[in-house]
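Here's an informal walk through one protein model, from its inside outwards. Have the viewer open as you read.

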Amino acid sequence: MTSDKLMSAYSHSLMKYLSLLLLVSSVLAAPAVADAPASTLGVPGQQTAQVFHLAGSTEPAGTLHYWLHLPAGAKPDAKEKFPLLLFLHGSGERGTDLEKVKTHGPPSLIGKNPDMDRCIIISPQCPPTQWWDTKLLRSLCDELAQKLPVDPARRYLTGLSMGGFGTWSLLEENPTYWAAAVPICGGGHPEAAAKFKDVPIWIFHGAKDPAVPVKASEDMFQALEAAGGHPQKTIYPEEQHKSWIPAYNDPSLWRWLLAQKLPAAGK
């Protein structure tokens, strides 16, 4: 099955059993975002709810609600620059209840991983029934990089499931922007691998994943190698869809990620 067909089949199956749930939750949970605090710069040492609106766009297409984690000392005028980590959740965390974004991945591990806690972490929420808008995500990162002490040589990208697909898409569209990427149980376009073959990438997947077949990651790995890249991959032989649990809890992943730097500030 081609990557495009795999993505289409994955989307269709998810939408089939989530559509009713998402419709109900979008109505019942709306106040959770409307009432969320939205401090422009956040609070160092904490994770705060934020709202980003793309200038010139129309509601709600140009709006993202997100969690922003700032390390201690990450003030706008700080001399020290900090790594930026963009995390993209899976389809189950879409909606209007921002608390759902803390279910998995980096926003659920803040305070438990000293290496990860050194990063400025952006954890946006994808609106109900939608997929990741890569241009909106890039605009969000650019705006925060102007307001916060972000190290332009250390911008990192990771996502799981639907966010894994989003990670591959962002790599394809912004190949010189990211210092490294960690797509987990996702898939992309193997024919585009040459565009981002030089980006350090560590791929994770469960061999027994029933939602996104491991072939989606294997195809991307093979395409990157064929294009001259040097990706890493970890396939958990007994893991099913939640391969992000052992991946994000692996200290070696964070040591590897934070060691990656762009040779020059990416654009």
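Helices in this text are DSSP runs of H or I with at least four residues, numbered from the N terminus. The model is a predicted one, so keep that in mind throughout.

**The core and its main contributor**

Start in the middle. The largest nonpolar core is made of 38 residues, and Leu86, Ile122, Leu171 and Ile201 have the most contacts inside it. Several elements give two or more residues to this core: strands S2 (63-69), S3 (82-88), S4 (120-125) and S5 (150-160), along with helices H4 (134-147), H5 (162-173) and H6 (215-226). H4 gives the most, with five residues. In general, nonpolar side chains in soluble globular proteins tend to be buried together.

Zoom in on Leu171 and skip its neighbours within four places in sequence: Leu171 is in contact with Leu157, Trp178, Ala181, Phe196, Val199 and Ile201. Apart from this core lies another one, of 26 residues, including Cys119, Ala179, Phe204 and Leu257.

**A closer look at H4**

H4 has 14 residues and reaches 20 Å from its first C-alpha to its last, close to the 20 Å expected at 1.5 Å a residue. At its N-terminal end sits a cap from Asp133, with a side-chain oxygen 3.2 Å from the backbone nitrogen of Lys135.

Which residues of H4 are buried? They are Thr134, Leu136, Leu137, Arg138, Leu140, Cys141 and Leu144. The cover over them includes strand S1 (47-53), S2, S3, S4, S5 and H5.

**Salt bridges along the helices**

The count of salt bridges comes to seven. Among them are these three, listed with the N to O distance:

| Pair | Closest N to O | Helix |
|---|---|---|
| Arg138 and Asp142 | 3.0 Å | H4 |
| Glu143 and Lys147 | 3.5 Å | H4 |
| Asp219 and Lys215 | 2.7 Å | H6 |

Arg138 and Asp142 are four residues apart, about one turn of the helix. Glu143 and Lys147 are likewise four residues apart in H4, and Asp219 and Lys215 have that spacing of four residues in H6.

How exposed are these side chains? Arg138 is one of the buried residues of H4, while its partner Asp142 counts as partly exposed because its relative accessibility is 27%. For the Glu143 and Lys147 pair, Glu143 is partly exposed at 29% and Lys147 is partly exposed at 34%. Over in H6, Lys215 is partly exposed too, with a relative accessible area of 45%.

**Strand S1 and its partner**

Is S1 enclosed or open? Five of its seven residues are buried, so S1 is largely enclosed by the rest of the structure. S1 pairs with S2 in the antiparallel sense, over seven bridges. To find the register, look at Ala49: its bridge partner in S2 is Trp67.

**A buried asparagine in a loop**

Finish at Asn113, in the loop between helix H3 (106-109) and S4. Asn113 counts as buried because its relative accessibility is 12%, and buried means under 20%. Where does its side chain reach? The Asn113 side chain comes to 2.9 Å from the backbone nitrogen of Met116. Setting aside neighbours within four places in sequence, Asn113 is in contact with Tyr248 and Trp254.

Definitions and conventions:
Residues are numbered from 1 along each chain as its sequence is written. This is a predicted model: local features need pLDDT of at least 70, side-chain atom pairs count only at pLDDT 80 or more; totals for chains, interfaces and linings use all residues. Side-chain values use heavy atoms; hydrogens and water are left out. A nonpolar core is a set of buried Ala, Val, Leu, Ile, Met, Phe, Trp, Tyr and Cys residues joined through side-chain atoms within 4.5 Å. Buried means under 20% relative accessible area, exposed over 50%, partly exposed in between (1.4 Å probe, protein chains only). Contact means heavy atoms within 4.5 Å. The expected span of a helix is 1.5 Å times one less than its number of residues. A polar contact is a pair of N or O atoms within 3.5 Å; within protein, one must be able to donate a hydrogen and the other to accept it, and residues adjacent in sequence count only if both atoms are side-chain atoms. A salt bridge is a side-chain nitrogen of Lys or Arg within 4 Å of a carboxyl oxygen of Asp or Glu. Two strands pair if DSSP finds at least two bridges between them.
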